[in-house]
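This report looks at how side chains meet inside one protein model, and at the small spaces left between them. Please keep the sequence and the structure in view while reading.

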Amino acid sequence: IFIDNLDNSRHCFALVGGQYSSYHVQHWMRRPDDKGPLDAQMPLKLTSRGWTVEGRQEFNVPNDRDVKLHQERLLTYLSEAGDIKSRLRQTLEKMNVKTVVVMTCNRGQSELLMNFACSSRARGFDLQNVIVFPTDLETKELAEGMGLTTFYEEKLMASIPKKEAVEYGDTIFSEIMFAKVLCVQLVNELGYDLLFQDVDMVWFKSPLDFFQDESLPYFDMYFQDDGNRQLRFAPYSANSGFYFARSNPKTMHLFRHFLYSCDLLGGWYSHQSILIALLAEHSSVTGLTVKIYSKETEEFPGGLHFHRKKEVMKNIMSGHSNAYIFHMSWTAGKGDKLKFLQQLGEWYLNDQCIGKEAHEIAGTESGAGFKNSTLSSNCCSAEPIFKCHYR
């Protein structure tokens with residue numbers, strides 16, 4: 001049992017015999033029945049770990065709307081799965097790679113996807129391993145115009161909003177999370193090892209070189225440390241926006257279970273808490289092995305380091321870091337991500353391409369189709385575009 005009393009609240013721990021062994025720690029609190037802060041005068045009650053000391057339940061059961069939406073999505077998926085996997089397999093075979101970098105994006109986040117492509121090309125990375133699962137036609141055209149391989153399945157993505165989320169955990173954010181679960185599950189089940197990453201990402205060195213190194217200790221999955229130590233992210237604090245997964249029976253079972261659990265997205269605000277709960281359960285049940293690279297690890301910095309680790313960021317900007325990537329996590333919305341990346345010197349997308357559709361950038365008719373990096377020459381800067389927004 002790993003115990004760290006992070007919030008300095010008064011805890012006691014009891015080992016209770018006289019029952020079958022349990023692989024879960026039961027949590028008891030002196031709290032009201034429905035909501036409200038802890039009360040020392042109340043009797044102890046068995047409690048979800050989603051219950052905060054402020055008296056807020058963060059792990060709600062799905063409501064009728066969430067259940068109905070999930071059932072409709074699953075019905076579409078199960079009805080079309082054979083054809084979808086067949087076409088996706090053909091796309092992956094054409095890529096001719098063993099390990100796939102999986103990304104998904106909607107129209108509202110497309111500038112961040114384009115910046116990833118521009119920054120990667122400015123550093124000389126070959127993006128033939130990358131496949132993007134766009135959630136709308138506009139993003140499909142933008143991604144293909146940047147020279148990226150795409151797989152677009154309209155029937156599955158029809159319910160995904162096109163707008164960007166206003167903030168972490170809002171309704172739009174939660175609905176976009178379904179696409180992040182779906183694309184990984186499909187690629188994993190087709191037998192490919194994969195690196196999943198969000199679009200608010202830049203590469204300094206190819207992370208595939210790190211994860212494909214034969215000297216790397218073997219785990220089924222490897223995660224960037226999110227850095228958030230709220231109880232709802234226990235016990236792993238795994239960042240669901242940057243992780244590597246091997247394709248094997250254990251991970252296939254995990255991702256199927258993950259897909260079937262997406263009715264929780266609305267009530268849990270994100271897929272991150274769902275995934276972490278499943279990692280813990282599958283580690284116990286099937287022996288799934290999970291590695292979290294600690295927040296002190298130099299190779300995979302993110303939003304935690306941007307906001308709280310000044311020396312780490314100074315080393316990155318001065319070129320004295322061993323970082324492979326930088327992940328602009330811990331950020332409320334796209335507007336802040338864009339500003340932070342600009343001031344960090346990791347923005348390579350020209351202004352005339354921000355907020356535009358592919359045909360507007362290329363000066364062609366809508367729906368013309370865009371292949372082979374036709375937008376890159378207009379949109380990508382060879383040097384970072386610095387803009388100062390803060391002291």
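In which helix do lysine 314 and glutamate 311 both lie, and how many residues apart are they? Both belong to helix H11, which covers residues 310-318, and they are three residues apart, or about one turn of the helix. The model in which they are found is a predicted one, and the values given below should be read with that in mind.

## Salt bridges

Side chains of opposite charge can pair when their charged atoms come close. In this model there are 18 salt bridges, and one of them joins lysine 45 to aspartate 33, with 3.8 Å between the closest N and O atoms. Lysine 45 is part of strand E2 (residues 44-47), while aspartate 33 belongs to the loop between strand E1 (27-30) and E2, so this pair ties together parts that are 12 residues apart in sequence. The partners also differ in their surroundings, since lysine 45 is buried at a relative accessible area of 16%, whereas aspartate 33 is exposed at 57%.

The pair within helix H11 is a salt bridge as well, in which the side chains of lysine 314 and glutamate 311 meet at 3.7 Å, N to O. Glutamate 311, with a relative accessibility of 53%, counts as exposed. Elsewhere, Arg56, Glu58 and Arg232 are joined into one network by salt bridges that share partners. Within this network, the side chains of arginine 56 and glutamate 58 meet at 2.9 Å, again from N to O. Arginine 56 is partly exposed, its relative accessible area being 41%, but glutamate 58 is buried, with a relative accessibility of 7%.

## Aromatic pairs

The count of aromatic pairs comes to 24. One of them is formed by phenylalanine 223 and tyrosine 243, whose ring centres are 4.9 Å apart and whose planes meet at 25°, an arrangement classed as stacked. Why does this pair count as stacked? The class is given to rings whose planes are under 30 degrees apart, and the angle here is 25°. The pair links distant parts of the chain, with phenylalanine 223 in strand E8 and tyrosine 243 in strand E9 (residues 238-245), 20 residues apart. Phenylalanine 223 is buried, with a relative accessible area of 1%, and tyrosine 243 is likewise buried, with a value of 1%.

A second example, phenylalanine 306 with phenylalanine 340, is tilted, having 4.8 Å from centre to centre and 40° between the planes. Because phenylalanine 306 lies in helix H10 and phenylalanine 340 in helix H12 (residues 334-344), the pair ties together parts that are 34 residues apart in sequence. Phenylalanine 306 is partly exposed, at a relative accessible area of 24%, while phenylalanine 340, at 12%, counts as buried.

## An aromatic cluster and charges over rings

One aromatic cluster is formed by Phe210, Phe211, Phe219, Tyr222, Phe242, Phe244, Tyr293, Phe300 and Tyr324. Two of the rings named there also have a lysine over them: lysine 205 lies over the face of tyrosine 324, at 4.2 Å from the ring centre, and the charged end of lysine 291 sits over the ring of tyrosine 293, at 5.4 Å from its centre.

## Cavities

The structure holds two cavities of 30 Å³ or more, and the largest of them has a volume of about 40 Å³. Among the residues that line this cavity are Gln224, Asp225, Asp226, Phe300 and Leu304; Phe300 is also named in the aromatic cluster. Strand E8 (221-225) and helix H10 (303-308) each supply at least two residues of the lining, and the largest share, three residues, comes from H10. Sorted by class, the lining has three nonpolar, six polar and two charged residues.

The second largest cavity has a volume of about 30 Å³, and its lining consists of Phe133, Phe151, Glu153, Leu156, Met157, Leu182 and Leu186. At least two of these lining residues are supplied by helix H4 (154-157), and at least two by helix H5 (171-189). Here the classes divide into six nonpolar residues, no polar ones and one charged residue.

Technical notes
Residues are numbered from 1 along each chain as its sequence is written. This is a predicted model: local features need pLDDT of at least 70, side-chain atom pairs count only at pLDDT 80 or more; totals for chains, interfaces and linings use all residues. Side-chain values use heavy atoms; hydrogens and water are left out. On a 1 Å grid over the protein atoms alone, a cavity is a set of points where a 1.4 Å probe fits but cannot get out, and a pocket is an open set with protein on both sides within 12 Å along at least five of seven lines; lining residues have an atom within 4 Å of a point. Grid points are joined across faces, edges and corners, and a volume is the space filled by probe spheres set on the points. Helices (H or I, at least four residues) and strands (E, at least two) are DSSP runs, numbered from the N terminus. Ala, Val, Leu, Ile, Met, Phe, Trp, Tyr, Cys and Pro count as nonpolar, Asp, Glu, Lys and Arg as charged, and the others, Gly among them, as polar. A salt bridge is a side-chain nitrogen of Lys or Arg within 4 Å of a carboxyl oxygen of Asp or Glu. Buried means under 20% relative accessible area, exposed over 50%, partly exposed in between (1.4 Å probe, protein chains only). Rings of Phe, Tyr and Trp (its six-membered ring) pair if their centres lie within 6.5 Å; planes under 30 degrees apart count as stacked, over 60 as edge-to-face and the rest as tilted. A charge sits over a ring if NZ of Lys or CZ of Arg is within 6 Å of the ring centre and within 35 degrees of the ring normal.
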